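Here are some worked exercises to try with the sequence and the 3D view side by side. Have a go at each task before you read its solution.

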Amino acid sequence: MYRSRIAWLAFASGWLASSVYGQEAPWGGWVDNQVNSTLCWWHSLRVATLKDMVYIDGGDQQFVAGIADGSTSLLPPDDNPFGYIWTLNFSTPFSSSTNFSSILGTISKAPNGGAANNFAPNYHDGALLANDDEFYLYGGSLIMTSTLSEPDADTVLGYLAEQYGPNRESFHAGFLNDRLPDRMTGYVTFGGAANAPSENKAWYFGGYRSPSWGPIYQYYNSSVDPSNVSDTLITLDMSTQQQEIWTNVTLPPGTPSRANPSVVWVPVGEQGILVVIGGVTYPDYNNANRTSQNAAQSNKDSPGFMSKIDVYDIAGNKWYQQPAQSSPPQLAKGCAVLGVAQDYSSFNIYYYGGYNGIDENSDFNDDVWILSLPTFMWMKVSSGTAEHARAGHQCVTPYPDQMFTIGGRTSYKGNSLQCLDGDPPGFLQVYNLTSCKWMDSYDPKSWDNYNVPEMIHMMIGGDYSGGATLTAPNPGGWATSGLGNVFATPYNTTKLTTYYPYSSVGPSNGTRGEAHSGGGGGTPGWVGAVLGVVLGLVFITAVVVGVLLYRRRKLLRKNGGSEPSTDEHGRIKTWIRDIRDLQSNGKAATVTSDETRTQFEDMESRGASPGNPEMGMVPPTEIQGTTLVELMDTSPRSELMGDTHVNTTGFTPIADRGRSPFASNPQTPISISTPFNHSFHSNIASYDHDPSISSSQGAAPPTYTQRPDSPPLGKAGPQFDSIASVTSDTNTNGASTSTPNRKAVISGVSGLSDREAGHSRQISDATVSSDTGSREGPDAPPSHNITFASLNPSPPLPVSPPSVTGVDGQEPPDYISMHGSPSSHPNSGASASSPQRRSIFVESEDDLGQHGGERR
């Protein structure tokens with residue numbers, strides 16, 4: 001029984017991938033009475049990363065079939081007859097329990113999605129040479145078939161995912177056939193590959209070829225075995241799309257070729273450098289017997305590939321070799337990735353897995369080693385187990401601090417078939433490059449910048465972010481000064497492009513299709529629709545807000561640019577309407593609302609309550625030679641204090657309303673039945689008083705100098721800062737008794753009658769009384785239910801009252817001194833020196849009602 005199985009989902013995923021392209025056979029084949037299929041291993045594959053997508057091609061896939069009777073059977077390899085390339089998007093999360101096949105997509109290399117045949121056969125090993133927008137399938141070996149002929153030696157297949165350079169309207173993503181230049185062949189395998197997207201270049205180092213330089217087949221016979229060393233460096237320059245340049249350079253003496261080294265591009269020097277690590281000579285997998293042809297020589301040669309590092313300066317086209325300290329044993333078929341310190345003071349190459357290359361029955365390697373540059377010091381940072389070990393896998397870095405390992409196989413130790421460790425088998429593993437620990441899952445939303453591991457920066461100096469203090473090989477220094485000069489030349493990092501972070505889209509069995517549009521964001525297809533809806537809602541909201549703002553601005557302009565108050569605006573409109581009714585009908589509107597009345601409602605509510613008689617006014621009568629003035633009782637009574645510069649008419653000029661320090665908030669309604677305080681100076685604008693005096697309840701009142709022509713305000717002392725409303729209560733005899741509210745002050749204007757006090761305020765005999773009770777006698781003053789206006793004074797009448805002119809054109813000291821004693825009745829015989837002003841208002845007996853009759 002094998003260690004792990006992928007149940008029905010593996011088969012379903014493979015079937016789905018096949019059915020997308022109209023094929024009936026599932027991934028991995030199918031036999032009679034089979035109930036499930038387990039992908040046991042996948043090795044000798046080749047990969048390339050284009051922005052946010054990993055492309056996986058070729059290799060040896062081994063499936064184990066679960067039979068209905070409970071037994072298992074090793075399935076013969078189908079060798080990918082439909083020419084699939086599998087894709088893995090970095091935006092796809094997964095865990096150790098995720099079915100590997102369920103998160104892969106596929107594209108087909110075969111024409112029209114049919115059988116690949118010899119147009120795109122399945123290669124083992126070789127490489128995908130790539131930049132960020134395209135890749136070319138180069139090298140590898142085939143499985144011999146009796147029905148298909150091998151591809152030509154100079155044929156190479158490319159995949160263009162996105163265009164770059166000059167725009168071409170006719171561009172379509174997909175595969176294309178290309179030709180290699182003369183004296184170059186694609187019949188090479190077991191080399192090491194590196195890609196540098198920032199330079200638009202890729203390389204294929206060393207490897208093996210057949211003795212005849214002809215086609216290479218796996219495990220067939222000596223004439224087609226890759227048994228001879230290929231001592232070349234292949235360079236692919238992709239600077240101009242569809243005008244790629246291939247070059248073939250023979251390796252110089254002292255730079256030995258080998259099988260399956262790892263090659264890493266490092267951003268050092270003008271165009272970067274290639275660092276070649278590991279590999280072996282005389283491997284056991286390059287012949288049909290699957291044994292090393294010279295194990296002794298391999299044991300002599302191969303350890304040096306870890307202790308003497310070959311470095312290629314790309315810009316200088318020159319090879320160097322630098323000794324390294326504390327190197328691991330010989331290893332091949334491992335994988336390597338790069339971690340760069342944030343300040344570029346160190347470059348750390350991680351090497352994982354592999355085996356000695358000459359005995360596939362021995363334990364495979366599960367350790368992680370770091371070669372730190374420029375010190376060229378090795379350190380093992382993770383020790384693994386033989387059960388988890390693998391070889392023939394590949395590694396990529398989705399983020400600066402993480403590494404994926406993809407595929408691989410286990411040792412043949414004991415001549416037993418062992419699937420990769422895990423349930424399901426761990427084809428996809430995640431390793432944290434900073435903590436140097438294996439992770440149970442991958443979340444594209446969880447990542448960090450690369451930090452130099454603690455054990456490394458303790459060795460080379462500095463800290464997690466960099467700052468290495470050792471900047472040369474230790475001990476011994478540089479083998480050649482030229483290599484030291486290369487490391488001293490900084491790379492232009494502005495050429496480096498990153499495409500992370502990635503948005504999580506979740507596992508999917510679907511494919512991205514043949515026309516991969518890329519984009520670097522891993523954005524799922526539904527985002528466009530959702531984004532369209534969201535943007536549509538935002539647009540509609542913006543239009544609505546714009547209309548509202550436009551109407552508000554138009555309203556502000558209509559009201560003179562001031563902020564309108566809904567209550568105050570409505571009150572003013574009502575007041576204007578009532579004035580018009582008054583002029584046309586001579587009678588105010590009747591209050592019929594049962595709602596609770598507030599201080600800020602229309603003027604009919606002031607002093608009126610349900611059941612009271614209607615208030616009536618006679619239209620003003622114009623007296624010849626006298627300016628028409630409408631003097632309505634629109635403001636609280638003002639005591640006549642101040643000096644000669646005070647406006648004593650009892651009205652606040654319009655210009656003064658906006659800046660009155662006593663203005664109330666029109667948004668705060670005050671019920672008539674609720675007592676409140678109000679400063680008796682609220683309608684007086686004095687030039688001698690501090691305009692910043694506060695009318696807040698509880699504030700210390702200002703101290704005023706009493707005017708000699710104004711009597712004291714009853715027994716009220718200066719501690720009262722406002723006058724409260726006086727409510728009227730009717731006793732059982734029908735008489736009204738006044739009960740002052742809290743902090744109320746009873747006026748004591750020298751016992752003047754209402755008619756006389758009215759003249760002190762320029763109020764005519766026709767002023768409507770708000771008295772609701774009966775009079776005690778003909779001379780008794782009326783009892784008023786007085787409710788003062790809000791702290792914001794009532795709007796002034798549209799016509800200003802007549803001015804007061806003193807003797808010889810001089811303004812009198814006060815109103816009373818100008819018009820005589822306040823006790824002088826308008827109808828009494830006044831002296832010529834004290835001319836009396838007569839009111840232009842007259843009373844109508846019909847309108848005055850019962851109380852008017854009693855008063856007469």
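## Exercise 1: an open sheet

An open sheet in this predicted model has four strands in the order E13-E14-E17-E18, paired antiparallel. Your task is to find which strands stand at the edges, and then to look at how E14 is joined to E17.

Solution. Start with the edges: strand E13 (192–196) and strand E18 (245–250) each have a single partner strand, so one side of each is left without a neighbour in the sheet. Next, follow the twist, which averages 15° from one strand to the next. Now move to strand E14 (residues 201–205) and strand E17 (residues 232–237): they run antiparallel and are joined by five bridges. To place yourself within this pair, pick out Trp203, which stands opposite Thr235 in E17.

## Exercise 2: salt bridges across the sequence

Work out which parts of the chain the salt bridge between Asp133 and Lys51 ties together, then do likewise for Asp310 with Arg258 and for Glu360 with Arg409.

Solution. Twelve salt bridges are counted in the model, and we take three of them in turn.

1. The side chains of Asp133 and Lys51 form a salt bridge at 3.3 Å, N to O. Asp133 is in the loop between strand E9 (127–130) and strand E10 (134–138), while Lys51 is in the loop between strand E2 (46–50) and strand E3 (53–57), so the pair connects parts 82 residues apart in sequence. Both Asp133 and Lys51 are buried.
2. Asp310 and Arg258 meet through their side chains at 2.7 Å, N to O. This pair links distant parts of the chain, 52 residues apart: Asp310 sits in strand E21 (residues 308–313), and Arg258 in the loop between E18 and strand E19 (262–266). Asp310 has a relative accessible area of 1% and is therefore buried; Arg258, at 0%, counts as buried too.
3. Glu360 and Arg409 form a salt bridge whose closest N and O atoms are 2.9 Å apart. Glu360 lies in the loop between strand E24 (347–352) and strand E25 (368–373), and Arg409 in the loop between strand E28 (402–406) and strand E29 (428–432), so parts 49 residues apart in sequence are tied together. Both Glu360 and Arg409 are buried.

## Exercise 3: a polar residue in a loop

Is Asn451 buried or exposed, and which side chain does the side chain of Asn451 contact?

Solution. First locate Asn451 in the loop between strand E31 (441–442) and helix H4 (454–460). Its relative accessible area is 16%, and because buried means under 20%, Asn451 is buried. Then look for the partner: the side chain of Asn451 makes a polar contact with that of Gln342 at 3.2 Å.

## Exercise 4: exposed residues

Decide whether Phe539 is buried or exposed, and then do likewise for Pro490.

Solution. Phe539 belongs to helix H6 (residues 526–558). Its relative accessibility is 57%, and since exposed means over 50%, Phe539 counts as exposed. Look next at its surroundings: Phe539 contributes to a nonpolar surface patch of about 770 Å², together with Val533, Leu537, Ile540, Val543, Val544, Val547 and Leu548.

Now turn to Pro490, in the loop between helix H5 (481–488) and H6. At 67% relative accessibility, Pro490 counts as exposed. Finally, compare sequence with space: Pro490 and Tyr344 are 146 residues apart along the chain, and their C-alpha atoms are separated by 8.7 Å.

Notes. Residues numbered from 1 in each chain as written. Predicted model: local features only at pLDDT ≥ 70, side-chain atom pairs only at ≥ 80, totals over all residues. Heavy atoms only, no water. Patch = residues over 30% accessible without salt bridge, like charges linked within 9 Å, V, L, I, M, F, W, Y side chains within 5 Å. Areas by Shrake-Rupley, 256 points an atom, 1.4 Å probe, with all protein chains shown as cover. Salt bridge = Lys/Arg side-chain N within 4 Å of Asp/Glu carboxyl O. Helix = DSSP H or I, 4+ residues; strand = E, 2+ residues; numbered from the N terminus. Buried < 20%, exposed > 50% of the residue type's maximum accessible area, 1.4 Å probe, protein only. Pairing = 2+ DSSP bridges. Axes fitted to C-alpha atoms, helices over the stretch in contact; angles between N-to-C directions. Polar contact = N/O pair within 3.5 Å; in protein donor to acceptor, adjacent residues only side chain to side chain.
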